[in-house]
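Subject: Handover of a structure

Dear colleague,

Please find the structure below, together with its sequence. The notes that follow set out what was found in it, and I would ask you to read them with the model open.

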Amino acid sequence: MATSELALPQKTSGAPPRRRVRVMGAGKQLHAGPVTYVVLVLFALVSLAPLVWTAIAASRTNERLAQTPPPLWFGGNLFKNLETAWDQAGMGTAMFNTIFVAACITVGTVLFSTLAGFAFAKLRFRFSSTLLLLTIGTMMIPPQLAVVPLYLWMSDLGWANQLQTVILPTLVSAFGTFFMRQYLVQALPTELIEAARVDGASSLRIVWHVVFPAARPAMAVLGLLTFVMAWNDFLWPIIALNGENPTVQVALNQLGTGYIPDDSVIMAGALLGTLPLLIAFLLFGKQIVGGIMQGAVKG
C-alpha cells in the first residue's frame with residue numbers, strides 16, 4: 001500500500017524527536033489483510049452450512065438420518081430422492097406456477113414502486129408527506145391481520161385457488177415505494193427533470209428516458225429482493241391455493257404428510273425449491289452489484 005510520510009514541524013529545538021504521520025496515497029486501492037480473509041471465510045462457511053446439510057440429508061435414507069451421530073458426508077441416494085420428491089409434490093407444475101407468479105409480482109412491484117417513489121421524491125402535490133407517512137405506516141401492520149378479509153375479497157371475485165389471487169395483492173409494496181423514493185431523492189437531480197421539461201418532454205417520456213435509467217441499479221436490487229420473497233412466500237399461497245394448482249412452497253408442504261414423514265425426501269424437495277434461487281443469484285448477482293456501484297452518487 002502506497003503511503004507518504006509527513007514530518008510535523010517542531011516549535012523548539014529541545015522538543016522530542018519529530019513524529020512522522022503516515023498518510024494514505026490518494027487514489028490508491030486498499031488491500032485486505034489475512035484476518036479479514038479469515039473472518040470472511042468463517043462467515044461464508046456458517047452461511048453455507050444449512051445448504052450443505054440439506055444436500056447431505058437429501059442424499060441419505062430416512063433410516064440413516066434417524067441414527068446418531070447424523071451423517072456428515074454425502075450418500076448415494078440424492079438423485080433417487082430428488083426424483084421421488086419431484087413426483088410426489090408435482091414439482092413440474094409448481095415450478096412453472098412459482099416462476100410465473102414471482103415474475104409477475106417482481107415486474108409489478110418494480111414498476112409501480114418506481115413510479116410511486118419518483119412521485120414522492122420529485123413531484124410536488126398536496127398531502128404528499130401525509131400519503132408517504134400512511135404508506136410507511138402500512139409496513140407496521142402484521143400481514144396476518146389481512147388474511148381473512150383478503151380471502152373473502154378474492155372469493156367474492158371468484159378467484160379462489162387461482163394464481164391471480166396470489167399475484168394481485170402483492171403487485172406493489174410499501175417497502176419498495178419507500179426504497180425507490182429514498183434512492184431517487186439523491187440519484188436523480190431535479191435539474192435533469194426540469195431540463196427535460198424545458199425541452200418539451202412529456203411526463204411519460206421523462207419517466208422512460210430519465211427516471212428509469214437513473215433508477216436502474218435500485219430497480220435491480222428491488223427486483224432481486226422481490227423475486228426471492230415471492231418465491232419463498234408460504235402463508236398466503238397455502239391459504240389461497242390448493243394442491244391441484246400449487247406454488248413450490250405449497251407443493252413442498254405435501255411432502256411432510258403421512259404417518260412417518262420421509263425426511264430425506266423432504267430435504268430433497270427443499271433442495272429442488274432452493275436451486276432456482278441459487279442459479280439466479282449466480283447468474284445475475286455480479287451484474288446487480290456492478291449496477292449498484294455504477295449508480296452510486298459520488299460526493
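**The largest pocket**

With 4 residues, H10 gives the most to the lining of the largest pocket. Please bear in mind throughout that this is a predicted model. The space in this pocket comes to about 1000 Å³. Its lining is made up of 27 residues, and those nearest the centre of the pocket are Pro 143, Pro 169, Thr 170, Val 172 and Ser 173. Besides H10, at least two lining residues each come from H4, helix H6 (147-156), H8 and helix H11 (235-240). Sorted by class, the pocket lining contains 20 nonpolar, 6 polar and 1 charged residues.

**The chain as a whole**

The protein chain contains 13 helices and 2 strands. Of its 299 residues, 31% are buried. If one takes the contacts between residues at least 6 apart in sequence, 67% of them join residues at least 24 apart.

**The cavity**

How many cavities of 30 Å³ or more does the structure hold? There is 1, and the space in the largest cavity is about 40 Å³. The residues that line this cavity are Thr 98, Val 101, Ile 105, Val 166, Ala 230, Trp 231, Asp 233, Pro 237, Thr 247, Val 248 and Gln 249. By class, 7 of the lining residues are nonpolar, 3 are polar and 1 is charged. Helix H4 (91-122), H10 and helix H12 (248-253) each contribute at least two residues to the cavity lining. The largest share, 3 residues, is supplied by H4.

**Helix H8**

H8 has 14 residues, and the distance from its first C-alpha to its last is 20 Å, close to the 20 Å expected at 1.5 Å a residue. Its buried residues are Ala 174, Gly 176, Thr 177, Met 180, Tyr 183, Leu 184 and Ala 187. Among the elements that cover these buried residues are H4, helix H5 (128-137) and H10.

Thr 177 is a useful residue to inspect in helix H8. Its relative accessible area is 5%, and Thr 177 is therefore counted as buried, the limit being under 20%. Leaving aside residues up to four places away in sequence, Thr 177 touches Ser 113, Ala 116, Gly 117, Phe 120, Thr 135 and Val 172. Val 172 also appears among the residues nearest the centre of the largest pocket.

**Aromatic pairs**

A search of the whole structure finds 5 aromatic pairs. One of them is formed by Phe 175 and Phe 179, which are stacked, with 5.9 Å from centre to centre and 25° between the planes. Both residues belong to helix H8 (residues 174-187), where they sit 4 residues apart, about one turn of the helix. An α-helix has 3.6 residues a turn, so residues three or four places apart point the same way. Are these two rings buried or exposed? Phe 175 is partly exposed, because its relative accessibility is 36%. Phe 179 is likewise partly exposed, at 25% relative accessibility.

Another pair is that of Trp 208 and Phe 212, which is edge-to-face, with 5.9 Å from centre to centre and 70° between the planes. Trp 208 and Phe 212 both lie in helix H10 (residues 203-232), and they too are 4 residues apart, about one turn of the helix. Trp 208 has a relative accessible area of 57% and so counts as exposed. Phe 212, in contrast, is buried, with a relative accessible area of 14%.

**Ile 238 in helix H11**

Ile 238 is found in helix H11. Its relative accessible area is 29%, and for this reason Ile 238 is classed as partly exposed. Which residues does Ile 238 touch, not counting residues up to four places away in sequence? They are Val 250 and Asn 253. Ile 238 and Asn 253 are 15 residues apart in sequence, and their C-alpha atoms are 8.6 Å apart in space.

Yours sincerely

Conventions:
Residues numbered from 1 in each chain as written. Predicted model: local features only at pLDDT ≥ 70, side-chain atom pairs only at ≥ 80, totals over all residues. Heavy atoms only, no water. Phe/Tyr/Trp six-rings, centres within 6.5 Å; stacked < 30°, edge-to-face > 60°. Buried < 20%, exposed > 50% of the residue type's maximum accessible area, 1.4 Å probe, protein only. 1 Å grid on protein atoms, 1.4 Å probe; cavity = no way out; pocket = protein on both sides within 12 Å on 5 of 7 lines; lining within 4 Å. Points joined across faces, edges and corners; volume = space filled by probe spheres on them. Nonpolar A, V, L, I, M, F, W, Y, C, P; charged D, E, K, R; others polar. Expected span 1.5 Å × (residues − 1). Contact = heavy atoms within 4.5 Å.
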